[in-house]
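Let's walk through this model together, moving from helices to loops and on to a few individual residues. Keep the 3D view open as you read.

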Amino acid sequence: MEARYMSRVLVLVEGPTERAIVERVFAPELGVKGVYLYARLVGKPGHKGGNRFATVRRELRALLHQEPGSVVTMLFDYYGLRNDWPGLSGAKGKNPEEIPAIVESAIAAAVAEEMGPGFNPNRFIPYVQLYEIESLLFAGPDEMAKVFNRSELEEEFRKIVEQCGGCEMINDGPETAPSKRIIGLFPAYKKGSSVNAHAYRIARHIGLERMRQSCPHFNEWVSKLEQLM
């Protein structure tokens, strides 16, 4: 595949929050570098999370067939993946730093098998966010506090990052996942893509580079996308 086509990237995302962040934060910042992201929401309009891997695999296959000259990637939270996702059993109990390689390698293998002989594996870049998209927001405790108009929360958000050992270490417990911690301090937190939604506005204030500096695995994914230029 000629290099000039590889800079168009279709991003399969699991929800409106991820789509808004891709379209309004990642796409503009990577676009100036010559990498063009186009978000595609998995499933039917209005569906909730908890996608089965069979559904995701089918939609990834469709995107790969739809544009043979483009690269396809994905943005799904590790928190909340259903048990039918490949690699989950092998990742169970592992250190957070080990989880992405296990799960993403298994996803890549499953997609390659789905596509069949002759498929170029370089056209698919799997990515699973540790542990939720909200992990990235903890890269800017000050920006979260500003958007929430609650300056006193900045220090609380910083403490969470310090106690967990980093943004991507904020775990996947039902009460301690990144979004749950935000809601615990700011119950009015809104996901989604509406003008009142918080996540994409916070991410836009933080900026891609600051998120990359605080989130090593996220940075690896963005680096792979940059190499498509």
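Helices and strands here are DSSP runs numbered from the N terminus, where a helix has at least four residues and a strand at least two. With that naming in hand, asparagine 149 can be placed in the loop between H5 and H6. Bear in mind throughout that this is a predicted model.

Asparagine 149 is a good place to begin. Its phi is near 60°, a positive value in a residue other than glycine. Is asparagine 149 buried or exposed? With a relative accessibility of 68%, asparagine 149 counts as exposed.

Step past that loop and you enter H6, which covers residues 153-164. Its 12 residues reach 17 Å from the first C-alpha to the last, close to the 16 Å expected at 1.5 Å a residue. Leu153, Phe157, Ile160 and Val161 are buried in this helix. These four cover an arc of only 95° around the axis, which puts them on the same side of H6. A reminder of helix geometry helps here: an α-helix has 3.6 residues a turn, so residues three or four places apart point the same way. On the other side of H6, Glu162 and Gln163 are exposed. And what do the buried residues of H6 pack against? They meet helix H5 (141-148) and helix H7 (178-185). After H6 comes glycine 165, with a positive phi near 90°.

H7 offers a close-up of this packing. Isoleucine 182 lies in H7 and is buried, its relative accessible area being 0%. Setting aside neighbours within four places in sequence, isoleucine 182 is in contact with Glu134, Leu137, Phe138, Met144, Phe148, Phe157 and Tyr189. Phe157 is one of the buried residues of H6. As for methionine 144, it is 38 residues from isoleucine 182 in sequence, and their C-alpha atoms are 9.3 Å apart in space.

H5 also has an exposed residue to look at. Lysine 146 is found in this helix and, at 57% relative accessibility, counts as exposed. The C-alpha of lysine 146 is 9.6 Å from that of histidine 205, although 59 residues separate the two along the chain. Now look at the loop between strand S5 (128-129) and H5, where you will find tyrosine 131. A cis peptide bond joins leucine 130 to tyrosine 131, with omega at about -20°.

Next, turn to the cysteines. How many disulfides does a search of the whole structure find? The search finds 0. Cysteine 164 is in no disulfide, and the nearest cysteine sulfur, that of cysteine 167, is 9.6 Å away. Cysteine 164 is partly exposed, with a relative accessible area of 22%. Cysteine 215, by contrast, counts as buried, at 0% relative accessibility. The closest cysteine sulfur to that of cysteine 215 is in cysteine 167, at 4.3 Å, which is too far for a bond.

Another helix worth following is H4. Its 17 residues reach 24 Å from first C-alpha to last, close to the 24 Å expected at 1.5 Å a residue. The buried residues of H4 are Ile99, Pro100, Val103, Glu104, Ile107, Ala110, Val111 and Met115. Seen down the axis, they fall within an arc of 135°, so they line one face of the helix. What covers them includes helix H2 (53-66), strand S3 (71-77), helix H3 (88-91), S4, S5 and H10. H4 is followed by glycine 116, whose phi is positive and near 90°.

S4, one of the elements covering H4, holds isoleucine 125. At 8% relative accessibility, isoleucine 125 counts as buried. Beyond its neighbours within four places in sequence, isoleucine 125 is in contact with Val71, Val72, Thr73, Met74, Trp221, Lys224, Leu225 and Leu228. The C-alpha atoms of isoleucine 125 and asparagine 95, 30 residues apart along the chain, are separated by 22 Å.

Finally, visit the second largest pocket, which has about 220 Å³ of space. Of the 15 residues that line this pocket, the closest to its centre are Pro100, Ala101, Glu104, His217 and Glu220. Helix H4 (99-115) and helix H10 (216-226) each supply at least two residues of the lining. Pro100 and Glu104 are also among the buried residues of H4.

Key. Residues are numbered from 1 along each chain as its sequence is written. This is a predicted model: local features need pLDDT of at least 70, side-chain atom pairs count only at pLDDT 80 or more; totals for chains, interfaces and linings use all residues. Side-chain values use heavy atoms; hydrogens and water are left out. The expected span of a helix is 1.5 Å times one less than its number of residues. Buried means under 20% relative accessible area, exposed over 50%, partly exposed in between (1.4 Å probe, protein chains only). The arc is that of the directions from the helix axis to the C-beta atoms. Contact means heavy atoms within 4.5 Å. A disulfide is a pair of cysteine sulfur atoms within 2.5 Å. On a 1 Å grid over the protein atoms alone, a cavity is a set of points where a 1.4 Å probe fits but cannot get out, and a pocket is an open set with protein on both sides within 12 Å along at least five of seven lines; lining residues have an atom within 4 Å of a point. Grid points are joined across faces, edges and corners, and a volume is the space filled by probe spheres set on the points.
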